[in-house]
Structures are given as structure tokens and as C-alpha cells.
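Me: I am new to this structure and should like to go through it by question and answer. Please reason briefly each time and close on the value or name requested.

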Amino acid sequence: MVGQLYGQNLHFTSYGTKEGLIQNSVYSSTETKEGFMWFGTQHGLNRFDGLHFEAIDFTKRADTIMNSKMIVCMHVDKNDNFWLGTTEELVLYDKYKNEVVKTSSNYPGLSLKGNWIKEITTDAQNRLWIRDRLTLWCYDLVNKKMLKIARPELLKNTISLTKSDDEKRIYLATDTSIFVVKEGDYKEIESEVFKSRGLKIETLLSVNHMLWCITSDKKIWISGDDSKPNWKTFESLFGTSCLIDPYLLHKDFNNSVWVGSRSDGVLVADLTNYKVKKSSDFMHQSALRNKFILSFFTNKQGITWVGASGVGVSKYDPAITQFELFRNDALPGKTQKDNMIFSLYSDNGKDFYSGTLTGGLLHWDVTQNQSAYYKPPNQSSNTEVNNIYTITKADDQLLYMATWGGLASFNPQTKNFLLYNDQDGKTQKLASLLKLKGQNKLLVGGYIHFLRYFDVDTKKWSALYDPEHFLENSKIRPRFMHQLNDTEILICSENRCLTKYNFEKGSFKEYPELGHYSGMATHIYVSKKYWWVGTTKGLMQMDAQTEKLIKVWNVETGLSDDVIYSVLEDNYGKIWVGTNKGLNVIEPKTGLIKKFDEKDGLQSLEFNTASCFKDDKGNLYFGGVNGFNKIPAKLLNTQRHNPKPIITNIQVMNEPLLTDSMISYTAGFSLPPNKNFISFEFQSPNYSQTENIIYRYRLLPIQQEWQLNGNRNFINYTQLTPNDYTFEVQSSVGDLRWSQRQSIRVTILTPWYKTFWFLSLITLYIIGMGIYLYKQRISAIKNKALLTQRINETEMAALKAQMNPHFIFNCINSIDAFIQTNDKYNASIYLNKFAKLIRNILDSSKQNLVPLSTDLETLKFYTELECMRTENKFKTIFDIEEGILEEDILIPPLIIQPYVENAIIHGLKSKNDFDGELKISVSKVDDKLVFEIKDNGIGRVAAQNMRSNRGTSYGMQLSTDRVQLFNDDQDENVIITDLYEDNKAMGTSIKVILKIEN
């Protein structure tokens, strides 16, 4: 069974009312200089930016009729005039203000009303040529006057007009004659061939110094030279028939002529090689939607737009990559052939073998574009052998196939099949196959026996070395296998994701981090740096050395779908991915992704699991549900058109911005300070690979660096402060060649109360009032400061006066205690220490501040005296932070002595034993000095009970007041903590915090 390569010559992308077009009969198309496409329909004008259609609801300037919404022709001249021809009049459209203007307002004497405008064009001399249903008109746009038509027969009988490629000549046709107008002279061109045959001219076109005519017999005549006509038929020049009923001619920028018909679609004649392409298969998704052609237009990008009756407009893009497609198309009246490609294999880049769903083995000769199906003979009892999933070649030069009916071989020379099933019946439902390196042995994966070896030489089956019984416990369903090295194999399965098998050790390794995302792995491609694992939840990029997951590529990162069927790397390091919604190519270094679909020539959007192949030349092949595609090794990037984006919409506080001109032509705008939430929408007028356009933007001056925005064509800014801003945006078609920048100025106005003049007045007023108040209050402030200082000094002096006598009185009591006990030795020592203590106290009492070292020396004398007085019932430990005494720190004298005294008298002295301990710690925390007096005495509750009848002691309260005054703040500077252990009082801790005075 032999089939032919299926291919469609012309691929279109179509737009209709479902895509936003206002009406489905497009009579005219044009392009303005910023890049918008415009379409004239029966119900009005549409603007298209490549992504969205906008119905133009323009306003009418006074005296403009514009009763007809049907726009049958359009023209944009070199002066940016936008001419609209309707069924009733000629008007000017001001795209900047969205207004329709009567022509005589700008060009006196030019007023065409009441008739159907058929054609509009301008020539190199800036003359406007208009043909309506009844009359030919010519208007001088420079001198603004109507010109006379020199040949009277043209005035009422012109049925077609066209201009030469250099626009220096205008060709006019009546139904029997052709005239050329050059530098104001009218000359008739020889056209006797039509008159002699009784033919009438219906359409005229000038292209490449040739004239094309459609005549009343629906033939196309072509003359090679308008000065010496030599008319030939289309068939004689191109060697093929034309359309059944051609009636419309158009020249594009690719040296081709387009022919449109009313019932036979479109034909394109290439004048470079004189080959012809014709639209066909009108039921195909990428074909024209209708055969009745209304209009043609080719924009500056080289894309031709075809308007058809009742179905909208279709786009033909010659720059789109047309992947070579291999598919068997059923002949009329014949059964559809099996194009479900499950596997691909070739060892020479010429002969390809494909496994199909039910058609058996499909052989393609890709150089001859021929194919043939081969089915195993006499397999009526096992038709599942025709279902072939994997193909490989063994050392015996036979092709081996994993089929649903078992392992089969095919001899490419004799076309013979053999089937190899084990006697246990568990070698059916096979899905994967791997020829082991250096061995004439196959690793076979299936859904019943999971994994087995097949010896090609002996034709015997054998089990894998699996001492831990992994296969039995996991019931793995292998879908694709790749030999990593001499001992390890990577297995993609439907239920265990990715597994690595070491066939020397018999060990299996799984990758839970992949299983976290998906339990099914479909395919894997191993490069030098990475493993690329296709799953049903995205493409997993793993480090080849560490075998760790690096990144997950999915819809969120730009893929067209999360279901990945096949993965290959091209010769340039780009990763090609067959998905459930088209073919994607990833640039790993930049993260950019391009998407391809059926308009690019794909067999369909859906590809098949592990159905891919890379030949020795680097060509890539991907199989799917309706054939397979070839991606050439040197895929040229034909996309060179890179226009700057257009700002298509601006919203302020979620409402459309109102401006005097259309948003796309607005240079800048100002907003009040409370209108500072702004949204920009933008679109590059690139009509090729629109889905692959990426953007970057910035808002100066707050964003100096460009911000990559991916495929998103919008950005929001909130809480903008009053300032002058410039929003800039650029676009690229996935190759990081950035377009020119589009910019718009934005000013957020300053509130009136923050303006310069208002702040200046307020400043002068404040300065004046400040001077006045300063003079009135300065003396009062000084007096108050002096008074406060004196009060503080008086309070400090009063506190010292109360403390010093209190302290001395306690010391005398201690001496008296020794005298009463007749302890002369200790009394002598005590008096000696007391004398030193008194000298220090007298020296300190003369100063408000003393060095920390001096005060601690005084405190040491005091604790030694108290220890003697209590018969050594406690010991004193000084814990001084290292280096603190070397600093010049000043503190009030005897500031913590009352707390130490309180700890000794009320805490330690009352203990029944002699294990008392008093610990005095001094440390520096930030700019504070922290004292801690800690004892292991009887605690405050017991001490309070013991002294309840002894009167009131003012020492601690006075010291607390001194600390508060010294620190001059309201924070808690003295912290007392009761110490407990097992609910038993174990003493008291007092922290005193002082600011540091140097």
C-alpha cells in the first residue's frame, strides 16, 4: 500500500466575529504607519493590533454625511491621510482624534457624494485617483485642485485602475482598452488581442513591468512589456490552469501575484520561479474559510490579508516556519489511512519506520515523499501486533518492535515478520524496547512482565537480576528506556515516574522529588549537563551530575501545556518539546519559549509519547496523532520585522483614561495626586508569531533597569507619588533583539498644599512667627532651664544629705557591736577600715559624680566591715566586666550602697547559717551601666515580717529617687526580683540601671 506525502500549499490564520471582528464580510484592508491593521466591513471599521480587534465608533465632524457604514475601499497616502470609500461617499478619517472629516474641509473642491467609491490610490506626484461606480476622478493633493481627465472615454468608462511599482505610472482600463498615464500624458496600450476575440477587460494589475488582465471569459492575460505588449495566457506562462472564475488581482512584496475568485478560492503565482500555489482543503483548520474572495492587502511585514465573504479575514504569513509534514491523505472515496504515529526510527535519515495504532509498520522514504504500510501476515488471531510502540535495530539488521501483541521483528529486505512470545504468555502488551550497548540483547518493557531480556542470537527470554524483588513489588509499567552508561539504564514509566536500574548490581533507584510533581514520566533526553524528563505535569530539568531537580518547565513558565510527550535537543542547545497543545522550543539560557501550532504546519496539536527521533545530521522528527513533522537542523529564523509596541489602552483607577486624542497617539497626560493607580496595555504590531512576542518595560525615574515581562502585554503601577514619569516599553520575538522603545509621559500633579508657592508662603509665615515667638520666649526658656537645673541639684544634694548620715549611723552601730562584745582585735581592724571608708565618703560627698572604680572601692570597704560585724555570716563576690574599670565612667557616689546594705541587714544577717553569699555584678549594656546585687538570704517576705515593727527605712526609696533623677527618664531603672527554688525563698536580686556619664 503506497501513499503520497500530504501537504497544503497555503496555510492561513483566520479571524471572524468570534475573534472580535465587527462583521464577517471584509471588503478592504490597509495599514497605518504605526503598524495597526484596519479592516472595512459592511458594518463599519475595525482596528487590529495583532491580538485584539476594536470596532471604531468614530464621531462625525459637521457637514459629514457618512450615512453608510459599509467601507468598500481604503487608502493611506504619504501625507498620512486616511481615505475611506463607502457606498455613498469619500471621507477622511482622523485616526488621532477618531473623527470622520468631509474631504472638502481639507481639500477644497474635493467632494464626492452620492455614489459607490470603488478604488482609491495615489501616485508619485501626490495625485489622488478615485474611481466610483460612474466616474474617474483625479485630484492634486499638493496644489489642492481637481485635475481634468484628458481622455473623455476614461471619464465615465474606467472599470479598473492600477499603478506601477515605482508609482510613476497609472494604468486605466475600460472594458475594451488600456491606457497608461505618465507625467500627465495619456497613451493607449495595444490591446487588439481582446477586441479581436470579443473579450471585455474586467480587472487590471501592473507588476514587475508586466500587465495582468482578467477578461470576460474568466481568463488571465499577461503582457511582459507595456510598451510592446505581447499578451500570453496564464496557462502558457505557468504551465498550469488558473482558477475557475478569477476576478481579483493583487501584488504582494514577495514577487508574487494573488488571484481571487468567487467560487474557487485563491491562487498565488510566484514570479521568481513561476510556480503556483493554490488554496485547497477548505475544511482544514489552516485553510481559507470561504472560496468567495472580496479583498487583498499585503502589509509592510509581507503578510497578505485575504477578505472573504461572510467569514472574515485570513492571514497568510510567508515568514512562518512551515515544518515539513509527512502524512497519508486518503484519496477521494477511499478509507482514511492510519496516521497515528507511535514511534519513529531511522538509521540513514532517508528510510523512516513508524509504528502506528492499527496500520502496522509504516515505511517512509522521505526523499521521495512515498510511504507504504506493512502488516504481519496471518495475524487474524493477534491483530494487536499491528499496534507498534517502539522500534529499534539489532545486530542481525532486523527491526525489532514492541507491539501490543508481543515482540516482533521485520526484515526490511524481504518484508517478512516474525513474532517472539515466551511460553508463559507474559510477553504481550509491550510498550518499550532498548538495544543494549555492546550486547546483542534487548531490554523489553511491558505491562504484564514489566521488564525482561531478549537474546537476539538465541531468541531466548530471561529475567532481570533483581535480588530485592523491586519489579515484583512496584509493578512498574515502562514507557521509554535510555541507556545512561555501561551499567545503568533510565526508565520512564507510567506509575513510578523515573527509575534508574543498575543491571550489574541489580539495584533500582527512584526519584521522589519528581514523583512529587507527577507519577508518570513519558520520555527523557540526556544531554551533557542535564536530564530533560517529560511528565504529565511539566518538563523536569535535572542536573546530570547530582541527579537533582533544578527547574520545572510548565504552563506557568511559558509552555503551551503541562502534558509533555517527547523531548529532543537540537544542535544549538535548544530543547524541543512535543506537548498536548503543540510543539514548543525552549532556550534554557534565557528562559524564552516559542510555541508552534497547526498554522506552522504541525500534523496536529497533539503529539505521542516518546514518538521522536534525531538523525545524524541533527534533523528532529516528532510524531503525533495525524502524521509526523521534520524540524531541519538549520532552522533559519526568518522573523526580522520588529516594530516598536503600541500603547493600546491606559486605565486610571480601573477606569479608561479620557484624552483629547486616541490613546495610541497620546504623547503624555497629567493626573491629580489622588489618581495614582495606572495600568498600561501595549501590543507589538507584529502579525507573525504573535504568541511568541515578549516585552520589557521601565518607568523612569523610579525604574532605571528594564523589567522583563514575558508574554504579558500589560503592567500596573500603584501609589505613584507626585512626579514626572516616562513609561517605556520594548518588544522582541523571542530572540532578545529588542525593538525601538515606545514611550509616554505621565505627570502626577503635586497637591496644592505641597506646591512651591504655597510652601513658600507657609515658610515665610513660620519664619516670621518663629522670630517673634523666639524673642518672646527665649528669656523664659533660659530662666526655666536654670530653675530646673537648680531644683535638680538641690534635690540631689538633699538626697545625699539624707543618705550620708544614715550610712555613717549604720557604720557606728557596727563598731558599737564589737565594743559591746569586748572584741578589741576586730574592733581595731574595724576602726581602721572604718577610717578609710569615712575618708572616701568625705571625698565623694564633695562631688556630684565620682569614678566607678572609686565608688566600688568604697563599697568594698563597706562590705568588709559588714561581714566582720555579722561574724562572717556571708562572703562577698565582686564580678566586674573585664576592661570596664579602664573606661572613664562617672556615677553618683554611693548610688547602690543602700541596696547592698539592705541585702546584708534584711537578707543575709537574718540567716541561721553561715553560708550567705552576696554577689555584686557590674556590666555594660549598650550605653547603660547595669549593677546587680544578688543575695541568697531569707527573701523579702520573711524580712518584711521580721521588721514589721521596726519603723520605716528610707534608704532604698531615696536611692531609687536618685537613680530616676540621674537618668532623667520615666523608664523602670530599678528592678527587684524575688528568687525561689521549689517554691522556697532563696534570696533577692536587684538590678540598677544607670546611664553612662564619661
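Me: How many of the 12 residues of helix α10 (residues 897–908) are buried?
Reply: In this predicted model, the buried residues of α10 include Q897, P898, Y899 and V900. E901, A903, I904, H906, G907 and L908 are buried as well. Helix α10 is therefore largely enclosed by the rest of the structure, and the number of its 12 residues that are buried is 10.

Me: How far apart are the end C-alpha atoms of α10?
Reply: At 1.5 Å a residue, the 12 residues of α10 should span 16 Å. The distance in the model agrees with that expectation, the end C-alpha atoms being apart by 15 Å.

Me: Which residue just after helix α9 takes a positive phi?
Reply: Helix α9 covers residues 852–869 and reaches 26 Å from its first C-alpha to its last, close to the 26 Å expected. The helix is mostly covered, with 13 of its 18 residues buried. Just after α9 comes a positive phi of about 60 degrees, and the residue that takes it is E871.

Me: How many residues of strand β33 (residues 351–356) are buried?
Reply: In a regular strand the side chains alternate between the two faces of the sheet. On one side of β33, D351, Y353 and G355 are buried, and on the other side F352, S354 and T356 are buried. Both faces are thus covered, and the count of buried residues in β33 is 6 of 6.

Me: Which residue in β33 is the bridge partner of I341?
Reply: Strand β32 (residues 341–345) runs antiparallel to β33, and 4 bridges join them. The two strands form a hairpin with 5 residues between them, where G349 takes a positive phi near 75 degrees. Within this pairing, the partner of I341 is T356.

Me: Which residue in the turn between β33 and β34 has a positive phi?
Reply: Strand β34 (residues 361–365) pairs with β33 in the antiparallel sense over 5 bridges, and G355 stands opposite L361. The hairpin has 4 residues between its strands, and the turn residue with a positive phi of about 85 degrees is G360.

Me: Which strand pairs with β59 over 6 bridges?
Reply: Strand β59 (residues 646–652) has 5 of its 7 residues buried, so it is largely enclosed by the rest of the structure. One antiparallel partner is β60 (residues 655–656), joined over 2 bridges, with V652 opposite E655. Another pairing places Q651 with S679, and the strand that meets β59 over 6 bridges is β62.

Me: Why does the pair of W576 and F596 count as stacked, and what is the angle between the planes?
Reply: The structure holds 61 aromatic pairs. The ring centres of W576 and F596 are 5.9 Å apart. The pair links distant parts of the chain, with W576 in strand β53 and F596 in strand β55, 20 residues apart. Planes under 30 degrees apart count as stacked, and the pair is stacked because its planes lie at 10 degrees.

Me: What is the volume of the largest cavity?
Reply: The model has 3 cavities of 30 Å³ or more. Residues lining the largest one include E89, L90, K102 and T103. By class, its lining has 3 nonpolar, 3 polar and 3 charged residues, and the space within it is about 40 Å³.

Me: Is D80 buried or exposed?
Reply: D80 lies in the loop between β8 and β9 and has a positive phi near 70 degrees, in a residue other than glycine. The cut-off for burial is under 20% relative accessible area. At 19% relative accessibility, D80 therefore counts as buried.

Me: Is H209 buried or exposed?
Reply: H209 lies in the loop between β20 and β21, with a positive phi near 60 degrees. The cut-off for exposure is over 50% relative accessible area. Because its relative accessibility is 55%, H209 counts as exposed.

Me: Which residue follows L700 across a cis peptide bond?
Reply: The bond in question has an omega near 5 degrees. The residue that follows L700 belongs to the loop between β63 and β64, and that residue is P701.

Key: Residues are numbered from 1 along each chain as its sequence is written. This is a predicted model: local features need pLDDT of at least 70, side-chain atom pairs count only at pLDDT 80 or more; totals for chains, interfaces and linings use all residues. Side-chain values use heavy atoms; hydrogens and water are left out. The expected span of a helix is 1.5 Å times one less than its number of residues. Buried means under 20% relative accessible area, exposed over 50%, partly exposed in between (1.4 Å probe, protein chains only). Two strands pair if DSSP finds at least two bridges between them. On a 1 Å grid over the protein atoms alone, a cavity is a set of points where a 1.4 Å probe fits but cannot get out, and a pocket is an open set with protein on both sides within 12 Å along at least five of seven lines; lining residues have an atom within 4 Å of a point. Grid points are joined across faces, edges and corners, and a volume is the space filled by probe spheres set on the points. Ala, Val, Leu, Ile, Met, Phe, Trp, Tyr, Cys and Pro count as nonpolar, Asp, Glu, Lys and Arg as charged, and the others, Gly among them, as polar. Rings of Phe, Tyr and Trp (its six-membered ring) pair if their centres lie within 6.5 Å; planes under 30 degrees apart count as stacked, over 60 as edge-to-face and the rest as tilted.
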